[in-house]
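Welcome! Take a look at the molecule below, then work through the exercises at your own pace. Each one comes with a solution in steps.

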Amino acid sequence: MKYKCSCCQKHVEEKNIKKTASILPFDGLPKMEGQTPLQGFLAVIKNHNLYQWACDDCHQSKKAILGNPRKQFYTFKNPWDSATPYLAYFDKNFTCKTCGEDFVFAKEEQQHWYEKLNFVVYSKPVNCPSCRKEIRDAKNLNTELSGLLKDGDPKDKNALIRIAEIYDILEKPEKAKAYRRAAEKLG
Ligand SMILES: [Zn+2]
Ligand SMILES: [Zn+2]
């Protein structure tokens, strides 16, 4: 019997699935009478690759790293549901929704997302890292701006200058000019 590795797509035998076997069982792996966790796992992946896992060669060559289902957040606990834990991570390519560039979702980053940040297993990156940073920066600027506009002292020159700066970054030169003028008036 051969099983298709999700990482290299090669068909491998049971003896090449030792690394994955070491992290079995986990919640949601079907249990059958008299079966070892590995046998249960092999039965599930025999016909359908319901799990993302990697063969020993992929682990050996560091193309893949082991996942830890116990640290992952997968709400559906049965393998026939759409959300199953990651038994391995390997680099994946995505296209950024914002700039259209291809980017790599690195295996270490995936591990961080799903095992440290606790993102649910089916969440995927939509934007590339630099667009993500830009979006985050813009959000932070907007938060800072609305704070200054709401609670800022209209006689505070530094606050007015900062508002002008933010408007410049947000490409609103007219507003930036108005706040800079107000700041200058304060002397
Ligand atoms: Zn492989
Ligand atoms: Zn992008």
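Rings of Phe, Tyr and Trp count as a pair if their centres lie within 6.5 Å. Please keep in mind that this is a predicted model.

**Exercise 1. Find out which residues form one aromatic cluster.**

Step 1. Begin with the count: the ring rule gives 13 aromatic pairs.

Step 2. Look at one pair, F94 and F103. Their ring centres are 6.0 Å apart and the planes meet at 25 degrees, so the pair is stacked; the cut-off for stacked is under 30 degrees.

Step 3. Turn to W113 and Y114, which form an edge-to-face pair with 6.2 Å centre to centre and 65 degrees between the planes. Here the cut-off is over 60 degrees.

Step 4. Check the surroundings of these rings. F94 and F103 are buried, and W113 and Y114 are both buried too.

Step 5. Now put the cluster together: Y86, Y89, F94, F103, F105, W113, Y114 and F119 belong to one aromatic cluster.

**Exercise 2. Work out how the side chains of strand β6 are arranged, and how β6 pairs with β5.**

Step 1. Recall the general pattern: side chains in a regular strand alternate between the two faces of the sheet.

Step 2. Apply it to β6, residues 102–105. F103 and F105 point to one face and are buried, while D102 and V104 point to the other face and are not buried.

Step 3. Find the partner strand. Strand β5, residues 92–95, runs antiparallel to β6 and is joined to it by 4 bridges.

Step 4. Pick out one bridge: F94 has F103 as its bridge partner in β6. You have met these two residues before, as a stacked ring pair.

Step 5. Follow the chain through the hairpin. There are 6 residues between β5 and β6, and G100 in this hairpin has a positive phi near 80 degrees.

Step 6. Finish at K92, whose charged end sits over the ring of F90, 5.9 Å from the ring centre.

**Exercise 3. Describe the site of the zinc ion (ligand 1): which atoms coordinate the ion, and what is their arrangement?**

Step 1. List the donors. They are the SG atoms of C5, C8, C55 and C58, at 2.3 to 2.4 Å.

Step 2. Use the angles. The 4 donor atoms subtend 103 to 114 degrees around the zinc ion (ligand 1), so the arrangement is tetrahedral. The rule asks for all angles to lie between 85 and 135 degrees.

Step 3. Read the spacing in sequence, which is C-x2-C-x46-C-x2-C.

Step 4. See what this links: C8, in the loop between β1 (3–4) and β2 (11–12), and C55, in the loop between α2 and α3, are 47 residues apart, and the pair connects distant parts of the chain.

Step 5. Check C55 for exposure. Its relative accessible area is 1%, so C55 is buried.

**Exercise 4. Do the same for the zinc ion (ligand 2): what are its protein donors, and how are they spaced in sequence?**

Step 1. The donors are the SG atoms of C96, C99, C128 and C131, lying 2.3 to 2.4 Å from the zinc ion (ligand 2).

Step 2. Angles of 104 to 115 degrees among the 4 donor atoms make this site tetrahedral.

Step 3. The spacing of the donor residues is C-x2-C-x28-C-x2-C.

Step 4. Compare two of the donors. C96 counts as buried, at 3% relative accessibility, whereas C99 is partly exposed, with a relative accessible area of 39%.

Step 5. Look for disulfides: the structure holds 0 of them.

**Exercise 5. Where in the chain do P25, K62 and N118 lie, and what does the backbone do there?**

Step 1. P25 lies in the loop between α1 (18–21) and α2 (37–45). A cis peptide bond joins L24 to P25, with omega about -5 degrees.

Step 2. K62 is in the loop between α3 (56–60) and β3 (64–66). Although K62 is not a glycine, its phi is positive, about 65 degrees. With a relative accessible area of 61%, K62 is exposed.

Step 3. N118 belongs to the loop between α4 (107–115) and α5 (129–151). N118 is not a glycine either, yet its phi is positive at about 65 degrees. N118 is partly exposed, with a relative accessible area of 44%.

Note on methods
Residues numbered from 1 in each chain as written. Chains lettered and ligands numbered in written order. Predicted model: local features only at pLDDT ≥ 70, side-chain atom pairs only at ≥ 80, totals over all residues. Heavy atoms only, no water. Disulfide = S-S within 2.5 Å. Buried < 20%, exposed > 50% of the residue type's maximum accessible area, 1.4 Å probe, protein only. Helix = DSSP H or I, 4+ residues; strand = E, 2+ residues; numbered from the N terminus. Pairing = 2+ DSSP bridges. Lys NZ or Arg CZ within 6 Å of the ring centre and 35° of its normal. Donors = N, O, S within 2.8 Å, 3.2 Å for Na, K, Ca; no water. Tetrahedral: all angles 85-135°; square planar, octahedral: opposite > 155°, others 65-115°.
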